[in-house]
Amino acid sequence: MSTATATHDGDHHDHGPAKGLMRWITTTNHKDIGTLYLLFALIMFFIGGAMALVIRAELFQPGMQVVDPQFFNSMTTVHALLMIFGAVMPAFTGLANWLIPMQIGAPDMALPRMNNFSFWILPFAFTLLLSTFFMSGGGPAGGWTLYPPLSLQMGDGFPFMIFAIHLAGISSIMGSINVIVTILNMRAPGMTLMKMPLFVWTWLITAYLLIATMPVLAGAVTMLLTDKFAGTSFFSAAGGGDPVMYQHIFWFFGHPEVYILILPAFGIISAIVPTFARKPLFGYSSMVYATASIAFLSFIVWAHHMFTVGMPVVGELFFMYATMMIAVPTGVKIFNWVSTMWKGSMTFETPMLFAIGFIMMFTIGGFSGLMLAIAPADFQYHDTYFVVAHFHYVLVTGAVYSIMAAAYFWLPKWTGNMYDEKLGRIHFWISTISVNVLFFPQHFLGLAGMPRRIPDYAVQFADWNMISSIGGFVFGLSQLMFVWIIFKTIRGGEKATDEVWEGAKGLEWTLSSPPPYHSFNVAPEVK
């Protein structure tokens with residue numbers, strides 16, 4: 001697990017592997033770096049989660065109780081930036097580091113030193129972002145989308161926030177180059193593209209999306225920077241610019257980004273469901289093509305975030321139909337997972353519970369997304385809590401659930417110890433009940449007209465907000481249990497066998513690492 005020993009010609013000293021802290025700072029081992037990413041993501045998840053609890057505490061009842069409006073807006077802004085760029089994306093990158101080399105039969109990632117560098121940029125990026133809270137004017141308060149002219153009102157922290165976004169983007173691009181080079185150049189003999197596990201496929205496609213979109217975000221925030229400090233007026237109507245242009249540039253990055261946050265989750269679920277259904281994945285090749293079509297379509301739907309800006313009807317029609325088309329390959333995936341479970345010998349260990357929870361609740365997010373895609377209806381939903389409910393069903397019960405499923409699924413392989421199955425199931429049920437108490441009522445609030453990103457609200461929204469906040473606190477606190485389970489597993493526990501999941505007879509490893517030669521559409525030989 002450590003870096004290779006180094007010897008110098010002439011003095012023949014054998015410098016052993018780096019010890020202690022230096023090992024973790026200098027490591028080029030894909031497993032070490034994967035662990036660092038996952039640990040970093042967990043820390044960011046809790047900092048971002050604490051911000052969410054500040055938001056829910058303020059919204060527990062009408063009126064201003066806990067924080068002032070400026071700080072509330074900072075919470076909504078930084079909560080999103082931390083959760084997206086600091087928690088979900090690094091967690092998926094950590095899983096990629098751990099699993100991709102093992103799943104394609106490679107000894108490590110292709111570019112190990114760049115791998116180390118791309119991780120160590122992140123702690124500095126997010127320290128920069130969080131440091132803005134201690135500068136005059138307070139933290140970023142323009143919403144995570146940073147629309148001008150609101151975002152340009154920020155205090156001294158503005159350039160630091162933009163630099164933090166640039167650093168996170170550089171890290172993502174470097175990680176993506178590494179993933180692509182590893183997958184295309186380092187597969188074991190016989191591991192053709194159409195035999196790769198789906199997690200590898202989803203990451204290959206995600207990496208291309210990241211390389212294509214991150215520079216677009218970098219351009220948008222750099223133009224904001226020059227508007228504020230260099231006298232340009234890209235987004236200022238007074239100087240001949242257009243604030244709506246920012247929205248077009250931002251969402252051209254922002255919509256593919258939504259799929260960057262969910263495609264690796266599809267790969268994880270495609271590894272877990274076959275294991276606990278004890279059947280090969282149904283429709284392997286259609287899953288690959290569906291993933292690729294989702295990625296392609298994600299580039300031509302960006303303005304569905306902007307139905308209310310006053311675009312021509314023909315534009316609204318185009319973006320409406322293009323958005324609805326994405327429902328087709330996504331539906332293919334859902335039906336393939338359900339078909340994999342159909343007539344399988346299913347068992348319901350914790351990873352499978354999280355996977356089934358993902359499929360059901362991600363589907364709710366998908367349906368509300370279809371509602372938002374209908375341009376005339378979106379005029380009612382836009383900028384209300386309905387949108388908040390929609391994307392949290394996709395990102396919390398979608399992306400975050402898949403990461404938790406992956407942690408439970410692969411922890412025994414990573415640590416050699418079994419996690420506490422009973423505690424895992426309790427964690428799943430408390431999380432699932434509370435997350436629905438948290439986000440489902442927000443659909444009702446949005447349909448009734450409650451706007452998002454506001455610290456105070458009209459009294460008719462009080463009841464559902466109180467219920468939502470209670471769900472939020474239960475969900476947040478129940479994640480401490482997740483940390484305890486991970487900690488306990490790393491420390492020790494029942495030893496995991498070679499065939500971790502009883503009765504799967506090695507199927508879980510056959511379906512998620514280089515198998516003997518066979519087509520993925522027929523059952524692998526079970527020893």
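Accessible areas are obtained by the Shrake-Rupley method with a 1.4 Å probe.

**Figure 1. Overall view of the predicted model of the protein.** The accessible surface comes to about 21,400 Å², and carbon and sulfur atoms account for 71% of that area. Of the 527 residues, 55% are buried. The secondary structure consists of 16 helices and 2 strands. Along the principal axes, the C-alpha atoms occupy a box of roughly 65 × 65 × 45 Å. The radius of gyration is 23 Å, which agrees with the value near 24 Å for a compact globule of 527 residues. Among contacts between residues at least 6 apart in sequence, 80% connect residues at least 24 apart.

**Figure 2. Confidence of the prediction, with the elements at either end of the range.** The mean pLDDT of the protein is 91, and 92% of the residues reach at least 70. Among the elements, helix α14 (residues 421–447) has the highest mean pLDDT, 98, whereas strand β1 (residues 6–7) has the lowest, 38. The pLDDT is below 50 over residues 1–14, a stretch that has 24 contacts in the model beyond near neighbours in sequence. Residues 506–527 also have a pLDDT below 50. With near neighbours in sequence again set aside, the stretch 506–527 has 53 contacts in the model.

**Figure 3. Close-up of helix α9 (residues 284–297) and the helices that cover its buried residues.** Helix α9 comprises 14 residues. From its first C-alpha to its last, α9 spans 20 Å, close to the 20 Å expected at 1.5 Å a residue. The buried residues of α9 are Tyr284, Met287, Val288, Ala290, Thr291, Ile294, Ala295 and Leu297. Their cover includes α6 (198–229), α7 (243–260), α8 (263–277) and α10 (313–341).

**Figure 4. Close-up of His390 in helix α13 (residues 385–415).** The relative accessible area of His390 is 17%; this residue is therefore classed as buried, the cut-off being under 20%. The side chain of His390 reaches the backbone oxygen of Gly365 at a distance of 2.9 Å. Gly365 is also one of the contacts of His390 beyond four places in sequence, together with Ser368, Gly369, Leu372 and His443.

**Figure 5. Close-up of Ser402, a further residue of helix α13.** Ser402 is buried, and its relative accessible area is 0%. When residues up to four places away in sequence are not counted, Ser402 touches Phe92, Ala265, Ile268, Ile269 and Phe358.

**Figure 6. Close-up of Phe348 in the loop between α10 and α11 (350–373).** Phe348 has a relative accessible area of 39% and is therefore partly exposed, as this class lies between 20% and 50%. Not counting residues up to four places away in sequence, Phe348 is in contact with Leu353, Ile356 and Arg425. Gly366 lies 18 residues from Phe348 along the chain, and the C-alpha atoms of these two residues are 24 Å apart.

Terms used. Residues numbered from 1 in each chain as written. Heavy atoms only, no water. Helix = DSSP H or I, 4+ residues; strand = E, 2+ residues; numbered from the N terminus. Expected span 1.5 Å × (residues − 1). Buried < 20%, exposed > 50% of the residue type's maximum accessible area, 1.4 Å probe, protein only. Contact = heavy atoms within 4.5 Å. pLDDT = per-residue confidence, 0-100. Polar contact = N/O pair within 3.5 Å; in protein donor to acceptor, adjacent residues only side chain to side chain. Rg over C-alpha atoms; globule rule 2.2 N^0.38 Å.
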